[in-house]
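User: Please take a close look at a single part of this model, the aromatic residues that group together, and then relate that part to the other side-chain features and the ligand shell.

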Amino acid sequence: MGIENVIFIIILAAAIFMFVKSIRRISYNINLGRDFSFTDDSGIRWKTMAKVALGQSKMTARPVAGILHFIVYAGFILINIEVVEILIDGVFGSHRILSISGDFYNFLIGFFDVLAFAILLSCIIFLIRRNVIKIDRFQRPELKGWPFLDANMILVFEVVLMSAILIMNAADLKLQSLDVIGYHHVGSFPIASFLVGVLPDSEAALIAIERSMWWVHIIGILIFLNYVPFSKHFHILLAFPNTYYSNLKKKGELDNLESVTYEVRLMMDPNADPFAAPAPDAAPPEKFGVEDVSDLYWKSIMDAYTCTECGRCSDVCPANQTGKLLSPRKVMMDVRDRAEELGAYKRKNGVDNVDDKKLLGDYILEDEIWACTTCNACTEACPVNNDPLKVIIDIRRFLVMEQSKIPSELAMTFTNMENNGAPWQFSPTDRLNWKDES
Ligand code: SF4
Ligand code: SF4
């Protein structure tokens, strides 16, 4: 084992250590949320995950982006088989160790060569869409600053990684054709072969290019691995559990609080038995609704970490489209940013301590919350089955039930429901008057 391999092993161990640390941070932040167990319909859940996360079914609504995304996603997963070889070579000092598999190896390397080029092209098109064509949903206020940089950085990253593979392959091919020791005749390079002509003829220069591109590729991947948990691209991993734990209820069906349902039933149903024991879970919760991320269920925080910031939700949101303050994408981004902030504070100051900020007020404003029509267009459009509406409804619940803050348009409706048992301003005794009007 040479010094090169020792350095490689140290870098690899450090990268894995830092990645595990990041995963623990995100897991801690997600678990700031309230507990909720999903034990129902595991068959439907696996199918949903296979369809939406693996099959990317919701990406087809916008075919151009969908196809390009599929190439990058599937290509990136498949091409990582080559990373297995790079890791083995890096640790043991071998060169293209998997070539012992013979013709199949040649096919795989040829396939990866084409795939690397397809990913490279797709990323360039994505960069053009964001920065030259300036597609509207990527220009909204919530994407200014870090989100804009993050989206571009990851694309540039992938361009560099794929270019490194192609240049490395081209140098390898030329070294093979020169019968240089250590570079035996393996692999097929349908794309990289076009680059051979632009490479130098010197054996030393070719080896330097091949080795440096090998290092650029693997170091790039290890940096990528540690960058992703700080980026919206963490959805690469979280899309799978997130879609598994999708909201399987029919669109429009909201969670009712048992304690409230019990009270309302007593009030609205003349036949309800006021002495009947309430359901076991009908005890009022410590707090109604959501004021901060720790009041959310953990799934809503996982949604936020899975958000790809694609803006499909805001693009179909009638409130957003008519110029209201609400953007469901921003709601998701706010939940994630607040979870990061509160998680960091608790890790530093102790789990029982909280800072003086809140999700409601410091991140999400009341005007945003009340602009929602509860139409569910956002949940329908989301490619990773996020549920921004759940967060919105839960914050509304807090405003109404804990703070009695209700827009004036709704206040009258609520008063009528309380006094008249219906949203209208008529006494219940007048309800059938219409049949006398003839
Ligand atoms: S449910 Fe609310 S946030 Fe979602 S699209 Fe409709 S109005 Fe927008
Ligand atoms: S919530 Fe879904 S649709 Fe909206 S930006 Fe995030 S990933 Fe895209």
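Analyst: What follows describes the aromatic cluster, then the charges placed over rings, and then the surroundings of the ligand. The model is predicted.

The structure holds 14 aromatic pairs. Among these, Tyr244 and Tyr245 pair edge-to-face, with 5.0 Å centre to centre and 90° between the planes. These two tyrosines differ in how they are classed by accessibility. Tyr244 has 14% relative accessibility and is therefore buried, since the limit for that class is under 20%. Tyr245 has a relative accessible area of 25%, so it is partly exposed, a class that lies between 20% and 50%.

Tyr245 also pairs with Trp298, again edge-to-face, at 5.2 Å centre to centre and with 85° between the planes. This second pair links distant parts of the chain, its members being 53 residues apart. Tyr245 belongs to the loop between α7 (235-244) and α8 (258-268), whereas Trp298 lies in helix α9 (residues 298-306). Trp298 is buried because its relative accessible area is 12%, which is under 20%. Together with Trp46, the residues Tyr244, Tyr245 and Trp298 form one aromatic cluster.

Two further rings have an arginine charge placed over them. The charged end of Arg34 sits over the ring of Tyr297, at 4.4 Å from the ring centre. Likewise, the charged end of Arg25 sits over the ring of Phe230, 4.2 Å from the centre of that ring.

The surroundings of ligand 1 comprise 13 residues, of which Cys317, Cys372, Cys375, Asn376 and Cys378 come nearest. Two helices, α15 (377-381) and α16 (388-401), each contribute at least two residues to this shell. By residue class, the shell around ligand 1 has 10 nonpolar residues, three polar ones and no charged ones. Cysteine counts as nonpolar in this division.

Two of the nearest cysteines can be placed by accessibility. Cys372 is buried because its relative accessibility is 15%, under the limit of 20%. Cys375, by contrast, has 42% relative accessibility and so counts as partly exposed, between 20% and 50%.

The presence of several cysteines around the ligand raises the matter of disulfides. A disulfide is a covalent bond between the sulfur atoms of two cysteines. With a cut-off of 2.5 Å between cysteine sulfur atoms, the count comes to zero disulfides.

Methods
Residues are numbered from 1 along each chain as its sequence is written. Chains are lettered from A and ligands numbered from 1 in the order in which they are written. This is a predicted model: local features need pLDDT of at least 70, side-chain atom pairs count only at pLDDT 80 or more; totals for chains, interfaces and linings use all residues. Side-chain values use heavy atoms; hydrogens and water are left out. A residue is near a molecule or strand if one of its heavy atoms lies within 4 Å of it. Helices (H or I, at least four residues) and strands (E, at least two) are DSSP runs, numbered from the N terminus. Rings of Phe, Tyr and Trp (its six-membered ring) pair if their centres lie within 6.5 Å; planes under 30 degrees apart count as stacked, over 60 as edge-to-face and the rest as tilted. Buried means under 20% relative accessible area, exposed over 50%, partly exposed in between (1.4 Å probe, protein chains only). A charge sits over a ring if NZ of Lys or CZ of Arg is within 6 Å of the ring centre and within 35 degrees of the ring normal.
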